[in-house]
Every structure is written in C-alpha cells, then in structure tokens.
Amino acid sequence: MSKSDWFVDARFGMFIHWGLYSLAGKGEWSYARDSWKAGQYEKLMKKFNPLAFDPALWARLAKAAGMKYVVFTTRHHDGFCMFDSHFSDYKITNTPFGKDVTRMLVETFRDQGLRIGFYHSLPDWTHPGYADKESPEFMRHGELHKPTDAEYQDFINLLYHHLEQLLTEYGRIDLLFLDYTSKYKANEDYFQRDRQLSMIYKLQPDILVNDRLSFNKEQVRDFDYYTPEICIPNQPQMVKGKPVLWETCATMNNHWGYCKGDKNFKSLETLLCGLTGCVSRNGNLLLNVGPDGNGCIPQTSIHRLQDLAAWMKMNSESIHGAGKADYPPPHGTIFTQKGNDLFLHLLQAPLGDIILPQLRDKVEKITLLRNGADIPMITHWGFELLQDNELRIRPCGTKAGDVLKITLKR
Ligand code: GLC
C-alpha cells in the first residue's frame, strides 16, 4: 500500500469553487477584473447568507456521479476565508450565515465515504505583503506597490498559519491543492516551498500535495501530483523521465466560480470524453461545480452530475482503478484497462463494425457493459482486408457513451 493508491483508484473527483465571488456571480476573478469601488467587494461579506447550502446534497451528487474525493476552496485569491480562520476577520463565520462551511462540508463528504482535499490560494490580493501583476491593483490601475519586508513576512506567515490550522483542526486531509505561482514570480521561492512542505507533511504525513507551490526550474520539482488545467495531455505525464500522478482540473462551463451569465455548459459526451481521456493516460479528472451565493449548484451542473451518475451505474468498472491500456484504440474510441479487461469507450455510435488492432486470437469474450449483451467477433467476412492481428467485431445496437468490455485470454 502506498499513500497514493486511493488517488489512482479514484480517478474522478469534485472541485468546488465557492466564496464571496459566488454572490457577485461573475466568476472567482471578479474582484480583480470587474470595476469594484473601494470597499464594495468586501461588503459582500455582510450579505453572505447561503440558506440553501446543503452539503449532504452536494456529497450525494458527487458520490452518485462516481466521484471519490472533493477539493474545496478554503480561500481563493480574494483572501476571503471559507473557514473559521484564527488569523483573519475576513471569513465565513463573520457573515450573517455565521457557520464554518468548510467544517460542515468536510464532515458530510467524509460521512459519505469521500476523501477530502483542500484548495488554498497562495496569493492573497487583500494583503499588503503580496504584490503581483495579476492582482486587482495592477489589473485596474497598472500600479504595483512594493511590500516592505515586514509586510511580506506577515503575508507568508499568514499562509503558513492558515495551512497549519486547516491541517490540524479538520481531521485527516487527503489532498492539498495549492494555487498558484504567478508567472511573474516564476524564479523566486516566493511562497517558501520547503518551509510550507515540511509543516504540511509533519501534520499530515499521508497527504498528497500538488505542483503549484513553485515553478522554479532550478528547484527540484518533486511534488506528489501534477495538475494540468482544462486540457487532456496526449500521454501519461512524466517529470524528469519518471511517470507521475496527475489530475486535470476542468470547469463544467467556462468559469470556476459561479457566473450567472455563463450558460455554456459542456455536454455529457464532452465530460465523458474528458474523463476517459484522463484515465486512458493514467490520470484523474477533477470536475468543477460553482455553487451560487445562496448555496445552490446550478441546475445544468446538477443535471450533468445526474447523467454521469446514470452512466457510472453501468460503466464505473471502466473508470475506477483503471488506467492506460496495453493496446492502441481503434478509430473513434478510447481504451482503458484494468487487469485482464480492456474497456472500449465509444465516443459516438460506430459506423458499423469496429476493427481492433493487435487483438486477433487474444480475446476471450466481448460484452456490452451496460447490459451484458454478447458482442460477436466476425471471422467469416471482410477478413481478407484486415491487417495482421486485427480483429473485427460487430457492436450492434451501441450508441455514443457505450463501453465494450473486452476480456483477454489468460
Ligand atoms: C486557475 C484560475 C483560478 C482557479 C484555478 C483552478 O488558476 O485562475 O481561479 O481557481 O485555475 O485550478
């Protein structure tokens, strides 16, 4: 058993972006990108009262959709704490809602058997000790203040103490998603990687920490897992010549935080293609939902999660614990594999017969995963056109999203 076994087995998780910005409904970068008058954004705190917040519903939706872990935004770049910080007054427990939503969420998801991950922003746009060309002051006014040493120390200590609190007071935390190192700080150890990491592992020896604490090329870039964003890598990820754990994080529409005007939700097919694409390259998918200021996950996201749940009910075997296949996939498909079983994911209804490369004489049987129907292997027709070792099969009655289970001979 290694500390990352659960992560490899899980393959699918839920990302939740929820904060003050959810009330403004313009995405989580609103504080930097929209023209807020001084002090106005902070005033959202006095209005934050998400009476519809129902962590048990969120956990049930995630679990049914086959998600095995959750990653929650404890603090985003706007500096607002969604937990009961001991070091800042800019926090959820000072809103009319008044409850530590991080604690509620952690307890509920854990009860449902999901693993727990914390997202925590490295930048804090509200802190005088932080200055960055991607912060609101620069984006709005083109100006950048220079923090004094004392301000910077205070900023970095706040980050340290927040992480320390989050990893001490909420029980076992399985995963830490630190976001992000600005390209403007690429060559500095701005967030004090080693100091943070030694505290993190001391408190939670089995935690998995992502790769955004430092982009510094000179520094040894050994992290527990790597986080490509809204894209599917073409191959299993390697760092310094060795395969690494990785997870693509992706939005359901075009925003992480709730955005009222963004109705551009991805289709079930796109989400499935993303998930199987990750698994087929030994990676995970962390799929985001952005609840609104009242605590409601957008209806379309709920529908997608329910559709994923219906699909998982029949096909989860092809995802959990599965990974890259030993064989190349035929046209229009993605392969995953678990032990002796290959899973052929049909991205669209096939034109007709499917020709499987390199599999002739190697297959014991083929079934349609959703109903167990036999899929015949065709040896009496069209044979002369096959290349060496190709196997022709007839996937009658299949449609987009179907999975064929191909059991190999032992
Ligand atoms: C990007 C976004 C940030 C979001 C993160 C998730 O860095 O700018 O807002 O939280 O992606 O990975």
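Let's start at the ligand: one of its oxygen atoms has a polar side-chain atom of glutamate 229 at 2.8 Å. The protein covers much of this molecule, burying 90% of the 310 Å² that the ligand exposes when taken alone. Keep in mind as you look around that this is a predicted model.

Two further residues also bring a polar side-chain atom to a ligand oxygen, namely tyrosine 119 and aspartate 179. Here are the three distances side by side.

| Residue | Distance from a polar side-chain atom to a ligand oxygen atom |
|---|---|
| Glutamate 229 | 2.8 Å |
| Tyrosine 119 | 3.4 Å |
| Aspartate 179 | 3.5 Å |

Which residues surround the ligand? They are Phe15, His17, Glu28, Trp29, His76, Tyr119, Phe177, Asp179, Arg212, Glu229, Cys249 and Trp256. By character, this shell divides into six nonpolar, two polar and four charged residues.

Now for the space itself. The ligand sits in the largest pocket, which holds about 370 Å³ of space. The pocket is lined by 22 residues, and Glu28, Trp29, His77, Glu229 and Trp256 are the closest to its centre. Two elements each give two or more residues to this lining: helix H3 (30-33) and strand E4 (175-179). What is the make-up of the lining of the largest pocket in nonpolar, polar and charged residues? There are seven nonpolar, seven polar and eight charged residues in the lining.

Glu229 is a good residue to end on: its side chain has a polar atom 2.8 Å from a ligand oxygen, and Glu229 is also among the residues closest to the centre of the largest pocket.

Conventions:
Residues are numbered from 1 along each chain as its sequence is written. This is a predicted model: local features need pLDDT of at least 70, side-chain atom pairs count only at pLDDT 80 or more; totals for chains, interfaces and linings use all residues. Side-chain values use heavy atoms; hydrogens and water are left out. A residue is near a molecule or strand if one of its heavy atoms lies within 4 Å of it. A polar contact is a pair of N or O atoms within 3.5 Å; within protein, one must be able to donate a hydrogen and the other to accept it, and residues adjacent in sequence count only if both atoms are side-chain atoms. Accessible areas come from the Shrake-Rupley method with a 1.4 Å probe; for residues, only the protein chains shown count as cover. On a 1 Å grid over the protein atoms alone, a cavity is a set of points where a 1.4 Å probe fits but cannot get out, and a pocket is an open set with protein on both sides within 12 Å along at least five of seven lines; lining residues have an atom within 4 Å of a point. A molecule sits in a cavity or pocket if more than half of its atoms lie within 2 Å of its grid points. Ala, Val, Leu, Ile, Met, Phe, Trp, Tyr, Cys and Pro count as nonpolar, Asp, Glu, Lys and Arg as charged, and the others, Gly among them, as polar. Grid points are joined across faces, edges and corners, and a volume is the space filled by probe spheres set on the points. Helices (H or I, at least four residues) and strands (E, at least two) are DSSP runs, numbered from the N terminus.
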